[in-house]
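I opened this notebook to record what I looked up, entry by entry, for someone who has not met the structure before.

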Amino acid sequence: RPFYKKIIGKKVTIEDMEAVDSEYYNSLKYVMDEDPEPLCLTFSVEREVLGELQAYDLKPGGQDISVTERNKKEYVDLVVKYRIVNRVKEQMDSLLKGFAEVIPLQFLKVFDERELEYLLGGLAEIDVEDWKKNTEYGGGYHANINTVIWFWRAVESFDMEMKARLLQFVTGTSKVPMNGFAELQGSNGPRKFCIKQYGTPNDLPRAHTCFNRVDLPPYTSYHQLKEKLKLAVENTAGFEIE
């Protein structure tokens, strides 16, 4: 998704790091959630140049600026920008230049990054039976519990676009691997789709894209589950993605 954000000129965020490098994402989340001063961080990162590690300042004089509770958000924003944007800026600029020769980029700015993926990639047929067959469960859920049965009933009732949006919500992409869900990839290699119990019926589902996992509360009816699931998928910015 960061690629599509770059095309439309949208700022990348810490959530985008989850799909790129889940371990680094967790490290940045720790910085955001805890006091960073004991970590002795500065506004610099290490990068490899011709086989050697060199310090790279995230801002002028960065090696001499300590990360504190007051400036940690700026630090995290700069790290995310460096790792997702700046490190590949030359290649990305060349790609966008060629892309713009085919489709002027300003015409694409009316879309968000999810819509742009659908536009450029199209909607493939999604085999729900194959999806179910290659799904794992956690937190006390199993294939025959009501919440899971209702989940798959809701999925089967969705049109193809909504199925693709749900898949994108949980995995970060609306595309199914060529050989089906058995070859679904996570951020660190093969990882099956997973449904895990969490929270209360008042909560919305939440997604962990690096693990291809949806955390699904124990809803009390099919109607409640379907409406909460649709609300989460259709309003991605309004709920938790961890």
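Before the first entry I note that a polar contact is a pair of N or O atoms within 3.5 Å, where within protein one must be able to donate a hydrogen and the other to accept it. The model I am reading is a predicted one.

Entry one, on D215. I looked up the contacts of its side chain and found a polar contact of 2.9 Å with the side chain of R213, and another, of 2.7 Å, with the side chain of H208. I placed D215 in strand β8, which covers residues 213–216, and I recorded it as buried because its relative accessibility is 2%. Leaving aside residues up to four places away in sequence, I found that D215 touches K196, Y198, P205, R206 and H208.

Entry two, on aromatic rings. I searched the whole structure and obtained seven aromatic pairs. One of them is W131 with F181, a stacked pair with 5.1 Å from centre to centre and 5 degrees between the planes. I noted that this pair links distant parts of the chain, since W131 belongs to helix α7 and F181 to the loop between α9 and β4, 50 residues apart. I then checked burial, and W131 is buried at 0% relative accessibility, while F181 is buried with a relative accessible area of 1%. For F151 and W152 I read ring centres 5.0 Å apart and planes at 80 degrees, so I entered the pair as edge-to-face. I closed the entry with one aromatic cluster, formed by W131, F151, W152, F181 and F193.

Entry three, on charges over rings. I found R83 over the face of Y24, at 3.8 Å from the ring centre, and K59 over the face of F43, at 5.1 Å from the ring centre.

Methods
Residues numbered from 1 in each chain as written. Predicted model: local features only at pLDDT ≥ 70, side-chain atom pairs only at ≥ 80, totals over all residues. Heavy atoms only, no water. Helix = DSSP H or I, 4+ residues; strand = E, 2+ residues; numbered from the N terminus. Buried < 20%, exposed > 50% of the residue type's maximum accessible area, 1.4 Å probe, protein only. Contact = heavy atoms within 4.5 Å. Phe/Tyr/Trp six-rings, centres within 6.5 Å; stacked < 30°, edge-to-face > 60°. Lys NZ or Arg CZ within 6 Å of the ring centre and 35° of its normal.
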